[in-house]
Structures are given as C-alpha cells and as structure tokens.
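Colleague: Before I use this chain in a calculation, could you take me through its fold and its confidence?

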Amino acid sequence: MKCAICGKNMPQDGVMVIDCGTKIEICPKCTSIVEEASRMIKTETMVSKPAHDYLESDELKEALCEECPWNKYHEGYFNYASGAVDPPWHECPADFDFRSDKCAMRDRFFEIVELLAEADQIAGMRKGNKIKGGDTDGSIEL
Ligand SMILES: [Zn+2]
C-alpha cells in the first residue's frame with residue numbers, strides 16, 4: 001500500500017485514513033503535515049439569523065468571559081483628591097474577541113458555532129449568516 005500524498009510505501013501499522021470527500025490513506029509523516037495544515041485553514045461557518053444573533057449576543061459574551069481564566073478584573077476606585085471615578089474594568093488579551101488566537105474560550109466558542117449550525121440543519125433553517133474564523137468545520141477528520 002502506498003501513501004496517497006507522498007507515494008511512499010507505508011508501514012502496516014501507521015496507516016491513517018482521512019475523509020475529505022473521498023477517503024484516502026496516508027502515512028504518519030504526511031498525517032502530521034495535514035494536521036498542521038488543517039489547523040491553519042480558517043474557514044467560515046454558515047448559520048441562521050437567530051443563531052448568528054445568539055453568537056453575537058452580549059449574554060453569550062458575558063457567559064463565556066465570566067468563566068475565562070484570562071479575564072482579569074480590575075477594581076474601580078474613587079480618587080478623593082480629584083473627584084475622578086475609575087469604573088471597574090476587565091482586561092482581556094484577546095480584546096474580547098472569541099475569534100482571536102489569544103482568546104482562552106475560543107475553542108468553546110467555535111464548539112457552540114458548530115452546535116448551532118447543526119441545530120439549524122435539523123430545524124431546516126436557512127443559513128444566511130457567516131461566522132468567520134472557525135477552523136473546526138470538520139471537513140478534514142483524522
Ligand atoms: Zn506520505
């Protein structure tokens with residue numbers, strides 16, 4: 001048996017099957033390259049309008065950011081001398097963008113995107129809205 005990518009003979013125990021429309025068999029070395037590449041592919045997921053609104057909602061943002069280990073809370077304080085008030089604020093390395101690689105909740109966000117896309121599918125909803133930046137559309141499954 002030969003690897004579908006590099007054409008080299010494959011070790012019996014190291015055959016990987018990937019499904020990208022048709023099933024192909026590749027060697028472990030090519031598998032790691034494909035894995036690496038699939039991580040870099042940024043796709044977009046189509047969801048319905050209600051799903052899109054849910055994903056963009058402040059409520060979801062609050063729920064995810066509240067659990068985030070990287071979200072730093074800074075206490076507000078009142079400056080008696082100047083009378084200025086610094087309201088409490090949150091610091092986030094990703095600037096509250098779930099699509100950012102710096103977001104600790106990124107994986108969970110895109111898990112939710114996938115679930116909603118699936119829900120749209122089951123409900124037969126029209127998917128007219130794009131959620132950009134996901135890389136978990138499942139088109140390459142190892
Ligand atoms: Zn190969």
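The questions and answers below go from the whole chain to single residues.

Modeller: This is a predicted model, in which local features need pLDDT of at least 70 and side-chain atom pairs count only at pLDDT 80 or more, while totals for chains, interfaces and linings use all residues. Residues are numbered from 1 along each chain as its sequence is written.

Colleague: What is the mean pLDDT of the chain?
Modeller: The term pLDDT stands for the predictor's confidence in each residue, from 0 to 100. In this chain 89% of the residues reach 70 or more, although pLDDT stays under 50 over residues 136–142. Where pLDDT is low, the predicted coordinates should not be read in detail. The mean pLDDT of the chain is 82.

Colleague: Which element of the chain has the highest mean pLDDT?
Modeller: Elements here are DSSP runs numbered from the N terminus, helices being H or I of at least four residues and strands E of at least two. The chain has four helices and eight strands, and among its elements E1 has the lowest mean pLDDT, 72. The highest, 95, belongs to helix H2, residues 49–55.

Colleague: How far does H4 reach from its first C-alpha to its last?
Modeller: Helix H4 covers residues 106–123, which is 18 residues. The expected span is 1.5 Å times one less than the number of residues, and for H4 that expectation is 26 Å. The model comes close to it, with a reach of 26 Å.

Colleague: Why do the buried residues of H4 lie on the same side of the helix?
Modeller: A residue is buried if 20 or more other C-beta atoms, placed from the backbone, lie within 10 Å of its own, exposed if 12 or fewer, and partly exposed in between. In H4 the buried residues are Phe109, Phe110, Val113, Leu116, Ala117 and Asp120. They share a side because the arc they cover around the axis, taken from the directions from the helix axis to the C-beta atoms, is only 115°.

Colleague: Which residues on the other side of H4 are exposed?
Modeller: An α-helix has 3.6 residues a turn, so residues three or four places apart point the same way. Opposite the buried side of H4, the exposed residues are Asp107, Leu115, Glu118 and Ile122.

Colleague: Which helix gives the most to the largest nonpolar core?
Modeller: A nonpolar core is a set of buried Ala, Val, Leu, Ile, Met, Phe, Trp, Tyr and Cys residues joined through C-beta atoms within 7 Å. The largest one has eleven residues, including Val47, Ala51, Phe98 and Ile131. Five residues of this core come from the element that gives the most, H4.

Colleague: Is Asp95, in the loop between E7 and H4, buried or exposed?
Modeller: Asp95 has a positive phi of about 60° although it is not a glycine. Because Asp95 has 9 C-beta neighbours inside 10 Å, it counts as exposed.

Colleague: Which residues does Glu91 touch, not counting those up to four places away in sequence?
Modeller: Glu91 lies in strand E7, residues 89–91, and counts as exposed, with 11 C-beta neighbours inside 10 Å. Glu91 and Lys72 are 19 residues apart in sequence, yet their C-alpha atoms are 5.0 Å apart in space. Taking a contact as two C-beta atoms, placed from the backbone, within 7 Å, Glu91 touches Lys72 and His74.
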